[in-house]
Amino acid sequence: MNKLAVLIIAALITTSCVTAQKINPPAGRIAVVADGNSPDPDDLGGTAVSLALLRAAGLEDRLVHYSHCCDLVVLHRISAEAEHERHAMMQTTCDGTARRWGGFDHITFWDAKWQTEQTIKDLVKAINVSTEEDPLWIVEAGEPDIIGFALQASSKEKHKYVKVITHHPANDDAGDFFKWQEILDFGVEEVRIPDQNINLKVNEAEWDWAMNHADDRVQFVWLMGKMAEIDNVVKFQKGKWDCSDAGMVLYWITGATNGGLEQGSVEQVKTLLLNYIEKNN
């Protein structure tokens, strides 16, 4: 078999695997706690992709909490002006993606730092209605403090029905009020998957398909990730399009602990989003 034939077969196998990936969410609901007001602006792209994926999978009604800017104690790592700008950009990402893709009228996108009390109460409500048949999966896409405060204020007997998805120790141990072990001490289930930066923090050109797409829903997702790339506070996003935290949502919608994608890729995100766009022009 010549080299060209091998490459063609490999490409066909890859395409088949991407196309065949099934939407297979576990029982229960999903909540996302993101940051974005900290030095790393990747939650802009991560939030846009997360919401678009949930809509594309037909699972937007299973989202029961979304909060952002969960870095509660700002240690002057960015200026006050840049901090204020990040809050505004994160809110725009949430509201803009939700409006364009639709299906999220039941959700209030909370600013965890500026609306801390309301954010905690909203997550407590989601925890307190959890059951064995209807658990709550919390995506830790930022510092764990909001999760900790919500667990502290919620019914202890419900904690065994809470599962916290994490992919990076940088989030786990970044809390100002709760460390990761303290989160686990509440009796929740840890669901740890590999670092999603490996396949989802990529060269910007890998998202040209979204930049050049005719549909403004797809273009808006690209634009939010581009906002992070042109951020003038940090340097490590330059040339990168990063939706790494959305890998945890992709893992959940494809099965979570029952065979979910532990190392999702841009191609898999692209397939899910464009399949939805094609069917919902």
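Contact, on this tour, means heavy atoms within 4.5 Å. Before you click on anything, know that this is a predicted model, where local features need pLDDT of at least 70, side-chain atom pairs count only at pLDDT 80 or more, and totals for chains, interfaces and linings use all residues. Residues are numbered from 1 along each chain as its sequence is written, and side-chain values use heavy atoms, with hydrogens and water left out.

**Stop 1: the whole chain**

Show the cartoon. You'll see 12 helices and eight strands; helices (H or I, at least four residues) and strands (E, at least two) are DSSP runs, numbered from the N terminus. Along the principal axes, the C-alpha atoms fill a box of roughly 60 × 45 × 35 Å. The radius of gyration is 18 Å, which agrees with the value near 19 Å that a compact globule of 281 residues would have. That radius is taken over C-alpha atoms, and the globule rule is 2.2 Å times the number of residues to the power 0.38.

Now switch on the surface. Its accessible area is about 12200 Å², with 53% belonging to carbon and sulfur atoms (Shrake-Rupley method with a 1.4 Å probe; for residues, only the protein chains shown count as cover). Of the 281 residues, 54% count as buried. Buried means under 20% relative accessible area, exposed over 50%, and partly exposed in between (1.4 Å probe, protein chains only). Among contacts between residues at least 6 apart in sequence, 83% join residues at least 24 apart.

**Stop 2: Thr93**

Select Thr93 in helix H3, residues 80-101. Thr93 counts as buried because its relative accessibility is 0%. Which residues does Thr93 touch, not counting residues up to four places away in sequence? Light up Leu44, Thr47, Ala48, Phe220 and Met224.

**Stop 3: the largest cavity**

Keep Thr47 selected, since Thr47 is also one of the residues lining the largest cavity. Rolling a probe the size of a water molecule over the atoms shows where empty space is left. Here the search uses a 1 Å grid over the protein atoms alone: a cavity is a set of points where a 1.4 Å probe fits but cannot get out, a pocket is an open set with protein on both sides within 12 Å along at least five of seven lines, and lining residues have an atom within 4 Å of a point. Grid points are joined across faces, edges and corners, and a volume is the space filled by probe spheres set on the points.

The structure holds three cavities of 30 Å³ or more, and the largest has about 40 Å³ of space. To see its lining, add Val32, Ala34, Asp43, Gly46, Ser50, Tyr66, Val139, Ala141 and Asp245 to Thr47. Strand S1 (29-34), helix H2 (43-56) and strand S4 (136-141) each supply at least two of these residues, and H2 gives the most, with four. Colour the lining by class and you get five nonpolar, three polar and two charged residues. For that colouring, Ala, Val, Leu, Ile, Met, Phe, Trp, Tyr, Cys and Pro count as nonpolar, Asp, Glu, Lys and Arg as charged, and the others, Gly among them, as polar.

**Stop 4: the largest pocket**

Next, find the largest pocket, with a volume of about 290 Å³. Its lining has 21 residues, and those nearest its centre are Asp35, Asp40, Asp42, Ala170 and Asn171. By class, the pocket lining divides into four nonpolar, eight polar and nine charged residues.

**Stop 5: Gly225**

Jump to Gly225 in helix H10, residues 216-229. With 2% relative accessibility, Gly225 counts as buried. Leaving aside neighbours within four places in sequence, Gly225 is in contact with Gly45 and Trp241.

**Stop 6: Trp209**

Select Trp209 in helix H9, residues 208-211. Is Trp209 buried or exposed? Buried, with a relative accessible area of 14%. Beyond four places in sequence, Trp209 touches Val218, Val266, Lys270, Leu273 and Leu274. Measure from Trp209 to Leu272, and the C-alpha atoms are 13 Å apart, across 63 residues of sequence.

**Stop 7: two positive phi angles**

Most residues other than glycine have a negative phi. Cys69, however, has a positive phi near 60 degrees. Look for Cys69 in the loop between strand S2 (63-68) and H3; Cys69 counts as buried at 0% relative accessibility. Finish at Ala256, whose phi is positive too, near 55 degrees. Ala256 is in the loop between helix H11 (246-253) and helix H12 (266-279), and Ala256 is buried, with a relative accessible area of 2%.
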